[in-house]
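The following note is offered to a colleague who is meeting this structure for the first time. Please read the points beside the sequence and the model.

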Amino acid sequence: MKQNLTALALPLLAASLLAVAKPALASEDIVKKARCVACHAVDQKRVGPPYKEVAAKYKGDAKAPAMLFEKVRHGGSGNWGTVPMLPHPADKISDDDLKAAISWILALQ
Ligand code: HEC
């Protein structure tokens with residue numbers, strides 16, 4: 001019986017992973033459109049830190065999404081080095097898109 005359950009659960013798990021893959025792709029489009037990719041890559045350091053390292057640094061930090069929202073919106077430096085990130089006002093990236101981009105970044109592993 002236990003085995004049967006696992007056999008059932010695996011395809012379900014695969015299906016739910018596929019289901020979350022869709023919004024993740026959309027958020028990747030957002031960071032391309034907002035030109036975040038000029039300074040960031042998922043797993044390579046460019047001008048800014050790799051998004052995977054950002055995700056690792058703030059793993060389990062409930063305050064991270066709000067803090068990072070403000071940071072990207074207004075720019076700043078000091079958490080990764082002395083190079084500042086430029087501000088990204090609402091005409092460059094909307095509140096909703098910025099929230100989606102940050103959840104996408106924080107979910108990377
Ligand atoms: C001009 C280059 C540049 C662009 C464009 C840029 N970033 Fe950054 N980003 C940086 C740098 C440099 C840092 C490191 C800042 C620091 O040391 O605190 C950074 C840090 C970050 C961090 C981590 C912040 C922290 O305090 O740990 C996030 C999240 C982030 N960027 C997201 C974005 C998103 C989303 C966009 C697009 C809307 C974007 N960045 C566009 C250069 C850039």
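1. In this predicted model, the length of α4 can be checked against expectation. At 1.5 Å a residue, counted over one less than the number of residues, the 13 residues of α4 should span 18 Å, and because the C-alpha atoms at its two ends are 18 Å apart, the two values agree.

2. Which residues of α4 are buried? They are Leu-98, Ala-101, Ile-102, Trp-104 and Ile-105. Viewed down the axis of α4, the buried residues fall within an arc of 160°, so they line one face of the helix. The face turned away from this buried side carries Asp-95 and Asp-96, which are exposed.

3. As to the overall arrangement, the protein has four helices and zero strands. Read from the N terminus, its elements follow the order α-α-α-α.

4. Burial and contacts may be considered together. Of the 109 residues in the protein, 13% are buried. Among contacts with a separation of 6 or more, 59% join residues that are 24 or more positions apart.

5. The largest nonpolar core is made up of twelve residues. From the part of the chain before α4, this core includes Val-31, Cys-36, Tyr-51, Val-54, Leu-68, Val-72 and Ile-93; Leu-98, Ala-101, Ile-102, Trp-104 and Ile-105 also belong to the core. The elements giving two or more residues to this core are α2 (51-57), α3 and α4. Which element gives the most? It is α4, with five residues.

6. Val-54, one of the core residues, offers a local example of packing. When neighbours within four places in sequence are left aside, Val-54 is in contact with Pro-49 and Ile-105. Ile-105 is itself among the buried residues of α4.

7. The surroundings of the ligand deserve a separate point. How many residues surround the ligand? There are 27, and the closest are Cys-36, Cys-39, Gly-48, Trp-80 and Met-85. The elements that give two or more residues to this shell are α3 (64-74) and α4 (95-107). The largest share, three residues, comes from α3.

8. By class, the shell around the ligand holds 17 nonpolar, eight polar and two charged residues. Cys-36 links this point with the fifth: Cys-36 is one of the closest residues to the ligand and also a member of the largest nonpolar core.

Notes
Residues are numbered from 1 along each chain as its sequence is written. This is a predicted model: local features need pLDDT of at least 70, side-chain atom pairs count only at pLDDT 80 or more; totals for chains, interfaces and linings use all residues. A residue is near a molecule or strand if its C-beta atom, placed from the backbone, lies within 6 Å of it. Ala, Val, Leu, Ile, Met, Phe, Trp, Tyr, Cys and Pro count as nonpolar, Asp, Glu, Lys and Arg as charged, and the others, Gly among them, as polar. A residue is buried if 20 or more other C-beta atoms lie within 10 Å of its own, exposed if 12 or fewer, and partly exposed in between; C-beta atoms are placed from the backbone. The arc is that of the directions from the helix axis to the C-beta atoms. Two residues are in contact if their C-beta atoms, placed from the backbone, lie within 7 Å. A nonpolar core is a set of buried Ala, Val, Leu, Ile, Met, Phe, Trp, Tyr and Cys residues joined through C-beta atoms within 7 Å.
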